[in-house]
Amino acid sequence: MKWWQTALFYQIYPRSFADGNGDGIGDFPGMVAKLDYLKELGIDAIWLSPHFPSPNWDCGYDISDYCDVAPEYGALADFRAFLAEAHARGIRVILDLVLNHTSDEHAWFLESKASRDNPKADWYVWHDTPPNNWQSCFDGDAWTYAAERDQYYYHYFMKQQPDLNWRNPAVKQAMWDAVRFWLDMGVDGFRLDALGTIYEDPELTPHTVPMTLAELRRFDETAVTPEAVALKEKYWLAMFEHQWGGPGLHDLMRELRAILDEYPGDRMLVGEDDDIAYMGNGDDELHLVFNFPLMRVDRLTPEHIRRNQAQRLARLDALPVRGWGCNTLGNHDTTRVWTHFAGDSPHAAERARLNAALVLTLRGTPFLYNGEEIGMTDHIITDPTRLRDTMATWYYDKSVNDLKVDPAEAAQRAGQMSRDKNRTPMQWAAGPNAGFCPADVTPWLPVNPNYAAGVNVADQQDDPGSLLSFYRRLIRVRREVPALVTGEYRPLHPRAVSYFAFLRETPDQTVLVVLNTSNTRRTLRFDVPGKGIAHIIFSSRQAEGEQDLQALKLGAFEVLIAELN
Ligand code: GLC
């Protein structure tokens, strides 16, 4: 097993994690100070969202220098110190690698834009007139005019995020230099941002949706009939279908993989994509892709989980070199796990524990998102002037000015769609600003007021009944029980609708996991050849000892993990 198969990853969103210098923005000294917290939590690796200099039109995903650190987060020396301190604790660090686009303030773009015949003239995607009706997924037209060249450039995301021309070998070389810069420094790998958008349809085929992006968003919000809902889904796919997955990506991934493989220490790549095809033969493209289909549902029902696992694992198993899964329930782009899968339930606390147990016991590498371990929830910002996610502020302006939506409704919708809601500062304590930054400083995004109601690290730290303690205990169990990490997955009771049961098996150990997703106590019978007794390893209701596999007692919403003999 490689380290990235057995590791538990934790995503840090640097702007919101820990503010070391008291300016209301997270930074490297802040992160270093929290490494012991992460060590105690039990994580093995950090995925760091972009920490590079950026004008922050897309909160760091618009990079203006790939080989430096955003001044608000510190200097290169602070990054080195962070990396050294993490490694000293046995924690690996992977970075976010944004290949599709740079910032429009990157020196490459400034040069490219300056004239039609400069050395970087062909580093981005230029046309004399917009060649089609493509839309940016963030801000409307995908083609933006640059007066300097009297031409239009392409951008899949904001117009401040021009797409690089990856068909130009010089672009590759420049980006690979940046990749080597960080690998030489000792980083352990990369999460590849939006890789599907790197290559477009070379024919530039227009989309067929009779709407602009803003109109489609509005249509989406107001669609209620089943026909309208089906249509909106069709439109979302059709609007961008020619801007994704163009030819060339597999070769590019192989090229990047070959660079990583030159380095010692099993450096790794995880793609922001759910397509297992990007793992190549299992050993020549990406090491991992995220199992996004698991979380792209309204409810994590046992049927859904079983179907998801069956589909994903079958495809991973079919690769020439057997592939490894990667499970997550949320990140900086999505509704928070608690809000998404527990929030509207009267048993939210129990459901949050079931969700944690799910992601920590399925076969595959788990990724947690900072704050989920204390049950942070979405915090909807309804004052548009406080929004920092520009895709939302853009849409707010469009809604009010072009689509004539009532400003109060538009503000509500913008707050809801904005990713700010799941990026608010980490809640460290019950004091002002949740201990993220000093009391007299305004944090870059408002703090979720529920920090005062127990959703913070300090209050949960020593409380054995807290969600944080639950994560810690479970992570410790995962570490101590080999089958939970390396074991094969075998679903049990394939028709159960109110609980999910499966085995994790190695040649030496058989572990049963049962997640009771219902409010009902039950007694279950498991027929596992050669096994009669369940020795409880972990129970969310503190059950202990042994149970008969023919009559296993399960409490309401219980998480039960047992070794079978
Ligand atoms: C990815 C990132 C997202 C960003 C986008 C453009 O989807 O996760 O936050 O806005 O790419 O870089």
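**Exercise 1. State the area buried between domain 1 and domain 2, and describe how the side of domain 1 is made up.**

Solution. The area buried between domain 1 and domain 2 is about 1800 Å², and carbon and sulfur atoms give 65% of it. Buried area here is the accessible area (1.4 Å probe) that two parts lose on being put together, summed over both. On the side of domain 1, the residues that lose the most area to domain 2 are R306, L354 and T361, which together account for 35% of what that side buries.

The structure is a predicted model, in which local features need pLDDT of at least 70 and side-chain atom pairs count only at pLDDT 80 or more, while totals for chains, interfaces and linings use all residues. Residues are numbered from 1 along each chain as its sequence is written, and side-chain values use heavy atoms, with hydrogens and water left out.

The next step is to place the domains. The domain assignment gives domain 1 as 3–99 + 169–200 + 244–379 + 447–469 and domain 2 as 484–564; such bounds come from an automatic or database domain assignment. The C-alpha centres of the two domains lie 29 Å apart. Domain 1 brings 20 residues to the contact and domain 2 brings 26 residues, where contact means heavy atoms within 4.5 Å.

**Exercise 2. Identify the polar pairs across this interface and the elements of domain 1 that take part.**

Solution. Begin with the charged pairs. The rule finds 2 salt bridges across the interface of domain 1 and domain 2, a salt bridge being a side-chain nitrogen of Lys or Arg within 4 Å of a carboxyl oxygen of Asp or Glu. E488 and R363 meet through their side chains in a salt bridge, at 4.0 Å from N to O.

Polar contacts come next: 9 residue pairs, both residues at pLDDT 80 or more, are in polar contact across the interface. A polar contact is a pair of N or O atoms within 3.5 Å; within protein, one must be able to donate a hydrogen and the other to accept it, and residues adjacent in sequence count only if both atoms are side-chain atoms.

On the side of domain 1 that touches domain 2, the elements giving two or more residues are α1 (3–6), α12 (302–318) and α14 (348–361). Of these, α14 gives the most, with 7 residues. Helices (H or I, at least four residues) and strands (E, at least two) are DSSP runs, numbered from the N terminus.

**Exercise 3. Describe the salt bridges of D58 and of E262, including the burial or exposure of the partners.**

Solution. By the rule, the count comes to 35 salt bridges. D58 pairs with R419, their closest N and O atoms being 3.0 Å apart. D58 lies in the loop between β2 (45–48) and α5 (76–88), and R419 in the loop between α16 (407–417) and α17 (457–461), 361 residues apart. Both D58 and R419 are buried, on a scale where buried means under 20% relative accessible area, exposed over 50%, and partly exposed in between (1.4 Å probe, protein chains only). A network of salt bridges links D58, D333, D389, R419 and R423.

For the second pair, the side chains of E262 and R180 meet at 2.8 Å, N to O. E262 is in the loop between α10 (249–261) and β10 (268–271) and R180 is in helix α7 (residues 169–185), so the pair ties together parts that are 82 residues apart in sequence. E262 counts as exposed at 51% relative accessibility, whereas R180 is partly exposed at 27%.
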